[in-house]
Structure formats: C-alpha cells, structure tokens
Amino acid sequence: MLDSHGRVIRDLRLSVTDRCNFRCTYCMEPDERFLPKRSLLSLHDYLQIVDVCIGLGVRKLRLTGGEPTLYGDLDALIERVGQRQLDDIALTTNGWSLDADRAATWRAAGLNRITFSLDTLREDRMAAITRSTTSVETVLSSIETARQAGFPRPKVNVVMQRGVNDDEAIDFAQLARERDLDVRFIEFMPLDSGRHWDRDIVVTAAETRSAIEAALPLQPVDALHDAQTSVNMAFADVAPGRIGFIAPVSAPFCGACNRLRVTAEGMVRPCLFSRREWNLRPMLGDAASLAAFLQDVTWTKQAGHGIGSEAFEQPERGMRAIGG
Ligand code: SAM
Ligand code: SF4
C-alpha cells in the first residue's frame with residue numbers, strides 16, 4: 001500500500017474497542033459516550049481486515065483502543081493473528097489488570113510486545129490524571145507480570161504535561177534502571193477530546209532529555225531506521241533500561257510514517273490527524289473490494305499533521321476513539 005507521497009504502509013493500528021475504564025485528562029472527557037456494541041466490528045471482521053492488510057504488505061500489527069483488554073474476544077484475536085505472517089504483534093494497555101495465565105497465553109500465541117501507559121509514579125497523582133481507581137502499584141505489578149510471562153523488556157509510555165507530571169522525568173529514568181524497562185516519553189498531542197491542548201502544556205522531548213541527562217547521562221543505542229518514531233537511548237554508565245523520546249510536536253516524523261489506522265467501528269484513518277475518514281464496513285465480506293478500498297484510502301494519506309500551521313484543525317475524534 002503506497003500513498004501519494006511515496007510512503008509504504010507496513011504498520012496497522014487496529015482499535016478493538018472504543019471503550020475505556022480510564023479517563024486520562026490528555027485523552028478523553030469523563031462524560032463521553034461509547035458507541036452501541038452493535039456498531040463495533042466483530043472478531044471475524046478484524047481478522048478479515050488483518051488478512052487483507054497482510055496481503056497488501058502490512059508486517060506489523062498493534063492492537064489498541066480504547067482499552068483493548070476490555071474487548072471480549074481479545075484472547076481469540078491474539079490467538080488467530082499469532083498464526084498470521086506478521087513480523088511483530090504488539091498490544092498497548094493502561095495496565096489496569098493483567099493476569100499471569102492470560103499474559104502467558106498471549107505470549108505463547110505470538111504476541112511479541114506489550115506497551116503499558118503510566119504517567120506518574122505518585123499514587124496521589126494517579127487518580128487525578130487517569131480519573132480511575134487503578135493504582136500505580138497495580139500497573140507496575142502488571143508490568144512485572146508481563147515480564148515473567150516472557151515478554152521482552154516492557155515499554156512504558158509516559159505523556160508529559162507541564163505542571164502535571166513534568167517533575168517526574170528522573171523518577172521514571174530511575175524506574176527504567178531499577179526494573180530494566182524501556183520508558184518512552186511522548187509529547188502531548190492535540191488529540192484530547194476536551195480540547196485543552198495548548199503548546200504551553202507540551203513538554204518537549206528535548207526538555208525531558210536535558211532534565212534526565214543533568215543527573216543520568218544517556219547515549220544513543222541505535223541508528224534511526226526509516227519508520228522509527230522514537231529516539232532510543234541507554235544509560236552511559238551501562239545500567240539496565242532504556243529511555244525513548246517521541247516528539248511528534250517538536251520534531252514531527254510524518255515523512256517516515258508507515259501506519260494506517262482502523263477504528264473499532266471500521267473507519268479507516270490514514271493519519272492520526274485525518275480530518276476525513278472512510279467507512280470500510282460496506283466492503284467487509286469481499287476481500288478484493290476491501291483491498292482496493294484500502295489502497296485508495298491510503299493514497300490520500302496527508303503529508304503531515306500540520307500542528308503549528310495556521311490551517312491546523314484538531315480532528316473530531318480524540319485518541320481514545322481513534323486508537324493510539
Ligand atoms: N488505553 C490504552 C493505553 O492507554 O495504553 C491504549 C489506547 S491509548 C489511546 C494509546 C496511547 O495513546 C497511550 O500510550 C496514551 O498515553 C497515548 N495518548 C492518548 N492521548 C494522547 C495525547 N493527547 N497525546 C499523546 N499521547 C496520547
Ligand atoms: Fe487513558 Fe488509554 Fe483510556 Fe485514553 S484510551 S483514557 S490513554 S487509558
């Protein structure tokens with residue numbers, strides 16, 4: 001699948017539910033309504049989309065949401081996609097619950113990686129940021145469960161917001177060292193459904209990096225490859241753990257983007273920031289039509305997100321309803 005800017009799509013981000021049990025302030029509002037269940041795609045639909053995408057050259061799959069662990073057929077989906085010709089299958093979760101048996105089953109079925117989202121290590125802040133009752137300790141315990149189930153170094157996504165958690169960069173770096181984690185700092189993007197995003201709240205990757213390096217020097221671990229979104233660093237004193245910086249706002253990587261997104265109700269979004277989206281449901285059941293449709297939609301993928309340009313408009317959907 002090729003777009004009109006010469007980018008080849010290799011990475012499918014599939015949202016398996018629009019539901020979430022958190023209400024993270026940078027993502028969704030407390031009073032948002034979910035779609036009726038009958039509007040969401042079925043396991044059979046998801047498998048069809050994955051198969052057609054594989055036929056079109058997709059090699060990486062990320063299952064996301066909403067909170068993907070709330071999707072009733074997640075285990076069956078992982079089992080089935082694990083049998084497909086994919087180089088990498090990953091899942092993103094808020095870590096509210098991860099049972100050891102379930103994690104081991106996923107690993108055995110072919111899930112390669114689990115990414116956790118955790119924005120604070122301070123219990124007194126957790127409820128304010130996530131507007132949930134899940135504790136930091138619970139998420140840390142889910143991370144350990146993943147490791148014990150045989151997942152490689154778990155990734156932890158941290159969305160930095162000025163005045164909220166930007167004083168925790170070093171604490172997260174220490175956590176990465178102590179627990180051999182891959183902690184990735186993500187810049188806050190204008191994808192919050194409450195539309196509170198403001199450039200002043202964005203903590204740039206450069207700021208976070210210099211805060212960490214003042215105490216814990218870092219060194220690059222690998223050369224950037226084409227579609228890499230994260231700048232990955234190791235500790236200069238060769239302590240365990242990795243630190244990643246994802247800078248979509250201060251240093252956009254749109255030119256290297258190889259992703260296509262499908263929402264839980266079957267809307268295709270070539271870009272996180274697409275203002276237009278396309279309904280694939282009429283094509284379900286006809287693989288050839290679905291393939292032609294996805295190729296057509298991909299061709300329209302916009303050159304870049306345009307944050308900061310005068311013409312920029314935040315998309316209707318927030319991250320929870322897109323699938324991050
Ligand atoms: N619920 C799962 C979770 O939180 O990991 C998966 C879905 S969530 C939408 C996927 C990722 O998007 C999370 O790592 C979250 O931190 C990130 N995210 C959500 N809103 C964001 C925003 N406005 N800017 C940057 N990242 C955001
Ligand atoms: Fe938070 Fe993920 Fe739910 Fe958004 S989808 S509110 S980031 S847990």
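Two strands count as paired here if DSSP finds at least two bridges between them. The structure is a predicted model. In it, twelve strands form an open sheet with mixed pairing, in the order β7-β8-β9-β6-β5-β4-β3-β2-β1-β10-β11-β12. At the edges of this sheet lie β7 (218-220) and β12 (278-279), each of which pairs on one side only.

One pairing within the sheet is that of β1 (residues 11-15) with β2 (residues 60-64): the two strands run parallel and are joined by five bridges. Leu14 has Leu63 in β2 as its bridge partner.

Helices α2 and α7 pack on the sheet, as the table shows.

| Helix | Residues | Strands touched | Angle between directions |
|---|---|---|---|
| α2 | 74-81 | β2 and β3 (88-93) | about 180° with β2 |
| α7 | 205-213 | β5 (155-160), β6 (182-187), β7, β8 (230-235) and β9 (242-246) | about 155° with β9 |

Helix α7 also meets another helix, α6. Two packed helices are described by the angle between their axes and the distance between the axes. For α6 (residues 169-179) and α7, the axes come within 9 Å and cross at roughly 65°. Angles of 65 to 115 degrees count as roughly perpendicular, and α6 and α7 are therefore roughly perpendicular to each other. Their crossing is right-handed.

The residues that meet are Ala169, Ile170 and Ala173 in α6 and Thr208, Ala211 and Ile212 in α7. By class, this contact of α6 with α7 has five nonpolar residues, one polar residue and no charged residues.

Terms used: Residues are numbered from 1 along each chain as its sequence is written. Chains are lettered from A and ligands numbered from 1 in the order in which they are written. This is a predicted model: local features need pLDDT of at least 70, side-chain atom pairs count only at pLDDT 80 or more; totals for chains, interfaces and linings use all residues. Side-chain values use heavy atoms; hydrogens and water are left out. Helices (H or I, at least four residues) and strands (E, at least two) are DSSP runs, numbered from the N terminus. Contact means heavy atoms within 4.5 Å. Axes are lines fitted to C-alpha atoms, for helices over the stretch in contact, and angles run from 0 to 180 degrees between N-to-C directions. Angles under 35 degrees count as roughly parallel, over 145 as roughly antiparallel, 65 to 115 as roughly perpendicular and the rest as oblique. A crossing is left-handed if the near helix is turned anticlockwise from the far one by less than a right angle, and right-handed if clockwise. Ala, Val, Leu, Ile, Met, Phe, Trp, Tyr, Cys and Pro count as nonpolar, Asp, Glu, Lys and Arg as charged, and the others, Gly among them, as polar.
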